[in-house]
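Got a few minutes to get to know a protein fold? Open the viewer, keep the sequence handy, and follow along.

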Amino acid sequence: MVGPGRPQIVLFGSSIVQYSFINGGWGATLADVYSRTADIILRGYGGWNSRYALKVLDQVFPKDAVVQPSLVIVYFGGNDSKAPHPSGHGPHVPLSEFVENMRKIGEHLLSLSDKTRVIFLSPPPMNETQIQLVFGNALKGRSNEVCRPYAEALLNLCNEINVKSVDLWNAIQQQDDWLNTCFTDGIHFTAKASEVVVKEVLKVVKEADWKPCLHWKSLPVEFPFDFGVPNSLSLSEIELMRNDQLEPAPSATLL
């Protein structure tokens with residue numbers, strides 16, 4: 001382990017998480033914003049559904065770990081919502097089972113420690129035409145019509161189990177020309193869409209009544225050494241200014 005110990009923020013999910021460090025991704029931006037205050041840890045598994053996540057939950061988040069995460073940001077649902085394959089195989093998970101899987105995931109994470117916080121990201125919309133152009137029939141069965149109930153059900157579940165949520169379903173659709181600007185392939189995020197994720201996540205973290213607060217401005221800067229030059233910005237002040245430039249402004253992501 002590399003010291004000193006920092007708060008751990010874990011990103012856990014399918015390809016929306018695994019690919020969050022490319023194309024100006026939201027995971028990379030969070031890692032940059034928290035670079036002097038917390039460790040961003042990636043646990044992303046492309047193609048997975050909530051059923052797979054539940055199988056490995058105890059291995060990824062063991063209850064007997066010496067250090068437990070301060071925050072876990074979870075994304076599943078896009079693959080679960082894919083229409084069932086005639087063979088009976090594939091990533092589809094019925095809506096009722098998806099909700100129960102996410103309930104178990106949320107309850108497990110909240111039980112890790114009395115200081116572990118959880119945010120669920122809802123499934124976002126998709127560009128069905130772009131998916132067809134990029135993948136052909138390889139990803140047949142994905143549509144906004146079948147995905148929307150999964151997003152809505154997840155947000156309702158969050159209210160039940162006291163888990164914070166980010167409504168990506170609506171946040172993405174509030175962007176100007178979102179169908180053409182938010183996806184690299186109809187499913188995965190462009191830098192613009194990732195800005196939306198960062199903005200919404202940081203808004204939830206900032207507004208949550210958590211003690212301690214996990215917003216980057218509220219966490220201590222690690223090793224705040226300074227040269228003590230009169231009438232100049234301290235190194236900590238420079239760090240704050242840099243992060244203010246990294247964090248998406250409301251006008252940059254919402255009309």
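Here is a quick tour, starting with how far to trust the model and ending with a few odd spots in the backbone.

Keep in mind that this is a predicted model. The average pLDDT across the protein is 91, and 90% of the residues score at least 70. The main things to look for are a run of parallel strand pairings, two nonpolar cores and one helix, H6, that we'll go through in some detail.

**How confident is the model?**

- pLDDT is the predictor's own confidence in each residue, from 0 to 100.
- One stretch to treat with care is residues 250-255, where pLDDT stays under 50.
- For that same stretch, the model has 14 contacts beyond four places in sequence.

**The strands**

- Start at strand S1 (8-13), where five of the six residues are buried.
- S1 pairs with strand S2 (residues 39-44) in the parallel sense, over six bridges. To find this pairing on screen, look for Val-10, whose bridge partner in S2 is Ile-41.
- S1 also pairs with S3, again in the parallel sense, this time over five bridges. Here you can look for Gly-13, whose partner in S3 is Tyr-75.
- S3 in turn pairs with S4 in the parallel sense over five bridges, and Ile-73 has Ile-119 as its bridge partner in S4.
- How does the chain get from S3 to S4? It crosses through helix H4 (residues 95-110), making a right-handed β-α-β crossover.
- S3 is a well-covered strand: five of its five residues are buried. Leu-71, Ile-73 and Tyr-75 point one way, while Val-72 and Val-74 point the other way, and all of them are buried.

**The nonpolar cores**

- The largest nonpolar core has 36 residues, and the ones touching the most other members are Trp-26, Leu-30, Tyr-34, Ile-73, Ile-119 and Leu-121.
- Which elements supply at least two residues each? They are S1, H1, H2, strand S3 (71-75), strand S4 (117-121), H7 and H9.
- H9 gives the most to this core, with eight residues.
- Zoom in on Leu-30 to see some of the packing: leaving out residues up to four places away in sequence, Leu-30 touches Leu-11, Ile-40, Ile-73, Val-198, Val-201 and Leu-202.
- There is also a second, separate core of 26 residues, which includes Ala-53, Val-56, Ile-105 and Ile-161.

**A closer look at helix H6**

- H6 covers residues 144-161. Its 18 residues should span 26 Å at 1.5 Å a residue, and the C-alpha atoms at its ends are indeed 26 Å apart, so the two values agree.
- The buried residues of H6 include Cys-147, Tyr-150, Ala-151, Leu-154, Leu-155, Cys-158 and Ile-161.
- Why might buried positions recur every three or four places along a helix? An α-helix has 3.6 residues a turn, so residues three or four places apart point the same way.
- The buried side of the story continues with the partners: the buried residues of H6 pack against H4, S4, helix H5 (128-135), strand S5 (164-166) and H7.
- Is Asn-144, in H6, buried or exposed? Its relative accessible area is 18%, and the cut-off for buried is under 20%, so Asn-144 counts as buried.
- Beyond its neighbours within four places in sequence, Asn-144 is in contact with Pro-125, Met-126, Glu-128 and Trp-169.
- Asn-144 and Gln-174 are 30 residues apart along the chain, and their C-alpha atoms are separated by 15 Å.

**Odd spots in the backbone**

- Right after H6 comes Asn-162, whose phi is positive, near 60 degrees.
- Asn-23 isn't a glycine, yet its phi is positive too, at about 55 degrees. You'll find Asn-23 in the loop between helix H1 (15-18) and helix H2 (26-33), and it counts as partly exposed at 47% relative accessibility.
- Asp-177 is another non-glycine with a positive phi of about 55 degrees. Asp-177 sits in the loop between helix H7 (168-173) and helix H8 (178-181), and with a relative accessible area of 41% it is partly exposed.
- The peptide bond from Lys-211 to Pro-212 is cis, with omega near 5 degrees. Pro-212 lies in the loop between helix H9 (191-207) and helix H10 (235-246).

Definitions and conventions
Residues are numbered from 1 along each chain as its sequence is written. This is a predicted model: local features need pLDDT of at least 70, side-chain atom pairs count only at pLDDT 80 or more; totals for chains, interfaces and linings use all residues. Side-chain values use heavy atoms; hydrogens and water are left out. Buried means under 20% relative accessible area, exposed over 50%, partly exposed in between (1.4 Å probe, protein chains only). Contact means heavy atoms within 4.5 Å. A nonpolar core is a set of buried Ala, Val, Leu, Ile, Met, Phe, Trp, Tyr and Cys residues joined through side-chain atoms within 4.5 Å. Two strands pair if DSSP finds at least two bridges between them. A crossover is right-handed if, with the strands pointing away from the viewer, the path from the first strand over the helix to the second runs clockwise. The expected span of a helix is 1.5 Å times one less than its number of residues.
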